[in-house]
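Hello,

Here is the structure we talked about handing over. Please look through it before reading the notes underneath.

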Amino acid sequence: MTASRTDAPIVYHTGSRSSLGQLYRQHHPWLQGLLRGRLGCGDTAADLAQDAFLRLLNTPRRFDSDEGARAYLSRMAKGLCVDHWRRLDIERAWQETLAVHGEARLPSVEHEQIVIETLCEIDRMLERLPEKVATAFLGSQLQGKPYRQIAVELGVSERMVKKYMAQAMLQCALIEAGFEAGL
């Protein structure tokens, strides 16, 4: 007995409009529900579900089954939630910083969004850096520590701190140039 066409395994290739549309129709409600459960907010869940499919549009993937597609979308949802929560933490820290400096220094809404996006990019960059490199960068740039003090705290030479700083500054330059830095 031969298998009918309806028994054929489902294959999605998100580089194909029709396949992406089929994937969207089949899995969007499920993904949005998953995100709503994790976030407790339907509007944010809807936004992040859309972001997930936009990412699939920009970076095509192939899925050989519904289970494979859902596994990938589930992992993507987890990452999107983490990114969302990190952004909320950054926004909260920014608001606290503004509160300390008073209303006389409030930036425009546009400027504030640019600052928050820049802080998010720096946060992503720091996450990609090795721990000692990130610690050296933060110690130098945020806390104003001299390289000698950072070297003692990290248990490395001052020369190594300079190498760490060069590595971190390269990543900052790549962000400034509009390149997504990959380590």
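The notes below cover the fold, the cores and one residue.

This is a predicted model, in which local features need pLDDT of at least 70 and side-chain atom pairs count only at pLDDT 80 or more, while totals for chains, interfaces and linings use all residues. Residues are numbered from 1 along each chain as its sequence is written, and side-chain values use heavy atoms, with hydrogens and water left out.

The protein has seven helices and two strands (DSSP runs, H or I of at least four residues for helices and E of at least two for strands, numbered from the N terminus). Their order from the N terminus is β-α-α-β-α-α-α-α-α.

Of the 183 residues, 30% are buried (under 20% relative accessible area, 1.4 Å probe, protein chains only). The exposed surface is about 12000 Å², with 54% of it from carbon and sulfur atoms (Shrake-Rupley method, 1.4 Å probe).

The largest nonpolar core (buried Ala, Val, Leu, Ile, Met, Phe, Trp, Tyr and Cys residues joined through side-chain atoms within 4.5 Å) has 20 residues, and Leu23, Leu31, Leu35, Phe53, Leu56, Phe63 and Met76 have the most contacts inside it. Helices H1 (17-39), H2 (42-58) and H3 (66-101) each give it two or more residues; H3 gives the most, with seven. Another core, of 15 residues, lies apart from it and includes Met125, Val133, Ala168 and Ile175.

Gln32 is in helix H1 and counts as buried because its relative accessibility is 17%. Leaving out residues up to four places away in sequence, Gln32 touches Gly42, Ala45, Ala46 and Ala49 (contact: heavy atoms within 4.5 Å).

Regards

Notes. Buried means under 20% relative accessible area, exposed over 50%, partly exposed in between (1.4 Å probe, protein chains only).
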